[in-house]
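Thank you all for making time this morning. I would like to walk you through one structure, taking the chain as a whole before turning to its core and a few single residues.

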Amino acid sequence: MASSSESGMVNARIFEDLQTKIDEDAEVREQIRAILQTLERQGRHAQSALSRAHSTPAANLQPVIAAAESSIKEQIESIRTLSSVASNFPYYKYISTATVIVYVKFSSPIYRYNGLWTREVQNVIFAVLLCGWLGGLPMKDKAAEPGRLLTIEEVGEILNVPVNLKDRDAFHISIEEYLQSLISLIDELARLAVNSVTLGDYQRPLQISQFVKDLHAGFQILNLKNDSLRRRSDSIKYSVKKIEDIVYDLSLRNLVPK
Amino acid sequence: MSTKASPMSGVKRHHDGIQKEKGAGASPSPFMPMFETFRDELDEHHDRRERIIKASRDITAASKKIVRSLKSEIPAKILSEVQERSVAMQNQFESIAPDLAGLNAWRYQRQISGGIQEYMEAISFQHYLRHQSLITIEEAAKSLPATIILTADDYVLGIFDLVGELMRFAITTIATTGALPGTQSSSGEHNVLEDLRALRTSFEALDTTSCGGTGLGKDVGKKMEVMKTCVEKVETAVYGLTIRGSERPKGWIPDLGDQAVAVESY
């Protein structure tokens, strides 16, 4: 390089600077990835705690909720770390330009632009939403109560991060992430409706049915483009149908509680 | 169908049988206000995104036209045409600058990235023809509106394309004038092949393995191969010039057709 750079074509500093930028970028990614690994593990804990709701009658849910809440508390801590690291850099930088190599192994070889953390964040939001729906996570001004939907603002309050930021660049929860997690919640509630019947709870499917229908109505007014949100939201109608079938089965047999 | 539906006779229907929206009647979803906010936000986002994609395409087209008309001497007519297009391109950038302000600069980076890379190719070529040197990232960034970020990735990928442009420039000049474009200065001869080699060595030294399959790492492999082929094409052309050039009568035009086509189609 020495002899050619003397010719004046390439100022050696240009490529030195580029190398520095590339290396710094890789370092940040490493840092974030380490946090995400922790989040992933905690996510599995929360998920398995919440899964027990499927085999636990509504009346005995308290220990399940308590276990989920303590898992979520750990996740909140990791989100705090992630937020403090990520807020040093443009929020969308690592969302938009990064491919998550970890996931590529498990999925199609096509590069997936999942963003570095959006998937893990969606998992956390989902855990919060489900725990809240089951009757956990009481808020200061809103008592815990089964069947309630935590708004994006409430999720932000629980996770202690801003939501839908527009005026400044920092870590936050985006509307898309919240909606993605809502779809996961709907999927999970469809499963819960089936399992409630197995547990002899004929009331909860009705509650789930109304809740999911209301959400479905909400999703229908969104003008979604052909993106991942669109593709996933297409699955809502199948969940709605699944739950309707359960309600139909119950009412056919006169099992709907009066 | 109609008999099956009869147990649900309470449902109101339009004349064409489609069930009427329940929302207007008895119990609208309690989540509607929330979703209405989401809808407005998402619409805004999609509109912005589409504006940026369109501008990126227009910038790409303008850049390509500039590159095509730019040649060594830059006659006045072409210069004014290039300037005209540059102004149009600047206007494009200005028009989307607000959409790319603050937080949104990175949000829509992928949408504008293509246009910026083409723009980089055009202005780096223009810069080279004027100064015979590689434009720096700072100089390039300065030519863009302040809110639009020039990422290192786009800069590098644009410069990779510059190599292809320099190759075309070198080959065409060799074919039409029988000499490799370059300048004589106090420090000695300085020609486009040396510059291409300087670029090549710099690129080869750049270590992008840390990017993994992300951003730059994704595109560099392919671009690197193309870049090397380009440099080699010029090397071969200069070889031909050296070995056969002396035998050639002045004013003789080489087998332009074939070579020119092969180069252009590349």
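**A walk through chain A and its partner**

Of the 258 residues in chain A, 51% are buried, and I should say at once that this is a predicted model, so everything I describe is computed from it. If you follow chain A from its N terminus, the elements run α-α-α-α-α-α-α-α-α-α-α, which comes to 11 helices and zero strands. Among the contacts in chain A with a separation of 6 or more, 66% are between residues 24 or more positions apart. As for the surface, chain A exposes about 12,100 Å², with carbon and sulfur atoms supplying 52% of it.

Let me turn to the interior. In soluble globular proteins, nonpolar side chains tend to be buried together. Here the largest nonpolar core has 73 residues, and the ones with the most contacts inside it are A:Leu149, A:Tyr178, A:Leu179, A:Leu182 and B:Phe35. Which helices supply at least two residues each to this core? In chain A they are α2 (12–51), α3 (62–86), α6, α7, α8, α9 and α11 (236–252), and α2 of chain B does so as well. The core also draws on both domains of chain A, with at least three residues from domain 1 (1–173) and at least three from domain 2 (178–258).

To see this core through one residue, take A:Leu182, which, leaving aside its neighbours within four places in sequence, is in contact with A:Leu129, A:Leu149, A:Leu215 and A:Phe219 from chain A, and with B:Met34 and B:Phe35 from chain B. There is also a second, separate core of 68 residues, and B:Ile59, B:Met89, B:Leu129 and B:Leu180 are included in it.

Next, the aromatic rings. A pair of aromatic rings is described by the distance of the centres and the angle of the planes. How many aromatic pairs does a search of the whole structure find? Over all chains the search gives 10. One of them joins A:Trp117 and A:Phe171, whose ring centres are 5.6 Å apart and whose planes stand at 55 degrees, so this pair counts as tilted. The pair links distant parts of the chain, 54 residues apart: A:Trp117 sits in the loop between α5 (101–104) and α6 (118–134) of chain A, while A:Phe171 sits in the loop between α7 (152–159) and α8 (175–198). Are these two rings buried or exposed? A:Trp117 has a relative accessibility of 1% and counts as buried, and A:Phe171, with a relative accessible area of 2%, is buried too.

Another tilted pair is formed by A:Phe219 and B:Phe35, with 5.2 Å from centre to centre and 55 degrees between the planes. This pair crosses between chains, from helix α9 (residues 204–220) of chain A to helix α2 (residues 32–69) of chain B, and both A:Phe219 and B:Phe35 are buried. Ring pairs also link these two residues with A:Tyr178 and B:Phe38 into a cluster.

A word on the cysteines. A disulfide is a covalent bond between the sulfur atoms of two cysteines. The search of the whole structure finds zero disulfides over all chains. A:Cys131 is buried, at a relative accessible area of 0%, and B:Cys230 is buried as well, at 1%.

Now for two smaller residues in helices. A:Ser78 lies in helix α3 of chain A, and since its relative accessibility is 7%, below the 20% limit, it counts as buried. Setting aside neighbours within four places in sequence, A:Ser78 is in contact with A:Ile35, A:Thr38, A:Leu39 and A:Gln42. A:Ala190 belongs to helix α8 of chain A and is buried at a relative accessible area of 2%. Not counting residues up to four places away in sequence, A:Ala190 touches A:Ser239, A:Lys242, A:Ile243 and A:Ile246. The C-alpha atoms of A:Ala190 and A:Val212, which are 22 residues apart along the chain, are separated by 8.6 Å.

I will finish with two asparagines in the loop between α7 and α8 of chain A. A:Asn160 has a positive phi of about 65 degrees although it is not a glycine, and with 63% relative accessibility A:Asn160 counts as exposed. A:Asn164, also not a glycine, has a positive phi of about 45 degrees, and A:Asn164 is partly exposed, with a relative accessible area of 26%.

Key: Residues are numbered from 1 along each chain as its sequence is written. Chains are lettered from A and ligands numbered from 1 in the order in which they are written. This is a predicted model: local features need pLDDT of at least 70, side-chain atom pairs count only at pLDDT 80 or more; totals for chains, interfaces and linings use all residues. Side-chain values use heavy atoms; hydrogens and water are left out. Rings of Phe, Tyr and Trp (its six-membered ring) pair if their centres lie within 6.5 Å; planes under 30 degrees apart count as stacked, over 60 as edge-to-face and the rest as tilted. Helices (H or I, at least four residues) and strands (E, at least two) are DSSP runs, numbered from the N terminus. Buried means under 20% relative accessible area, exposed over 50%, partly exposed in between (1.4 Å probe, protein chains only). Contact means heavy atoms within 4.5 Å. Accessible areas come from the Shrake-Rupley method with a 1.4 Å probe; for residues, only the protein chains shown count as cover. A disulfide is a pair of cysteine sulfur atoms within 2.5 Å. A nonpolar core is a set of buried Ala, Val, Leu, Ile, Met, Phe, Trp, Tyr and Cys residues joined through side-chain atoms within 4.5 Å. Domain bounds come from an automatic or database domain assignment.
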